[in-house]
Amino acid sequence: MSKPTSIKTSVDVRDRLRVLAEERGTTITELLEELASRELTQAEREARAVEAARELGVEYSEQVRQAGQDAWAKIRAHQGGAAA
């Protein structure tokens with residue numbers, strides 16, 4: 001088990017995390033672990049993009065990378081999330 005630490009956040013965020021954890025029958029710590037493991041880092045996203053392009057037989061160029069980033073930015077905008 002990892003050594004416990006603390007994260008500073010607003011009361012509103014803490015309260016929301018508490019509600020989300022309760023709804024899932026888990027703790028805030030376990031919820032944060034799940035969320036953190038589900039979200040990819042930039043390096044992981046890049047590696048997956050390269051692999052996907054290879055599987056599709058597409059050369060992974062700067063143009064392909066930019067087109068992918070633009071597409072994800074549009075998807076996030078429609079979902080109400082943050083842009084890339």
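# Helices, salt bridges and a nonpolar patch

E51 is partly exposed, with a relative accessible area of 33% (buried is under 20%, exposed is over 50%, and partly exposed is in between, using a 1.4 Å probe and protein chains only). We'll come back to E51 in Exercise 3.

Before you start: the model is predicted, local features need pLDDT of at least 70, side-chain atom pairs count only at pLDDT 80 or more, and totals for chains, interfaces and linings use all residues. Residues are numbered from 1 along each chain as its sequence is written, and side-chain values use heavy atoms, with hydrogens and water left out.

**Exercise 1. Work out the fold order and check the chain against the globule rule.**

Step 1: Count the elements. You get 4 helices and 0 strands, where helices (H or I, at least four residues) and strands (E, at least two) are DSSP runs numbered from the N terminus.

Step 2: Read them off from the N terminus, and the order is α-α-α-α.

Step 3: Now the radius of gyration, taken over C-alpha atoms, with the globule rule being 2.2 Å times the number of residues to the power 0.38. For 84 residues a compact globule would come out near 12 Å, but this chain has 18 Å.

Step 4: Add the box. Along the principal axes, the C-alpha atoms fill roughly 45 × 35 × 25 Å.

**Exercise 2. Describe the surface and find a nonpolar patch.**

Step 1: Start with burial: just 6% of the 84 residues count as buried.

Step 2: The chain exposes about 7,400 Å², and carbon and sulfur atoms supply 55% of that (Shrake-Rupley with a 1.4 Å probe; for residues, only the protein chains shown count as cover).

Step 3: I7, L32 and L35 make a nonpolar patch of about 260 Å². Patch members have over 30% relative accessible area and no salt bridge; like charges are joined within 9 Å, nonpolar side chains (Val, Leu, Ile, Met, Phe, Trp, Tyr) within 5 Å.

Step 4: Zoom in on L35, which sits in helix α2 (residues 28–38) and is partly exposed at 32% relative accessibility.

**Exercise 3. Track down salt bridges and place their partners in the helices.**

Step 1: The whole structure holds 5 salt bridges, each being a side-chain nitrogen of Lys or Arg within 4 Å of a carboxyl oxygen of Asp or Glu.

Step 2: In helix α1 (residues 11–24), D15 and R18 lie 3 residues apart, about one turn. Their closest N and O atoms are 3.7 Å apart, and R14, D15 and R18 form a salt-bridge network. D15 is partly exposed at 30%, and R18 is partly exposed too, at 37%.

Step 3: Back to E51, which pairs with R54 at 2.5 Å between the closest N and O atoms. Both are in helix α3 (residues 42–56), 3 residues or about one helical turn apart. R54 is exposed at 56%.

Step 4: In helix α4 (residues 62–79), R65 and E62 are also 3 residues apart, about one helical turn. Their closest N and O atoms sit 2.4 Å apart, and E62 is partly exposed at 48%.

**Exercise 4. Locate P4 and its distance to T29.**

Step 1: P4 lies in the segment before α1 and counts as exposed at 69% relative accessibility.

Step 2: P4 and T29 are 25 residues apart in sequence, and 9.5 Å apart in space, C-alpha to C-alpha.
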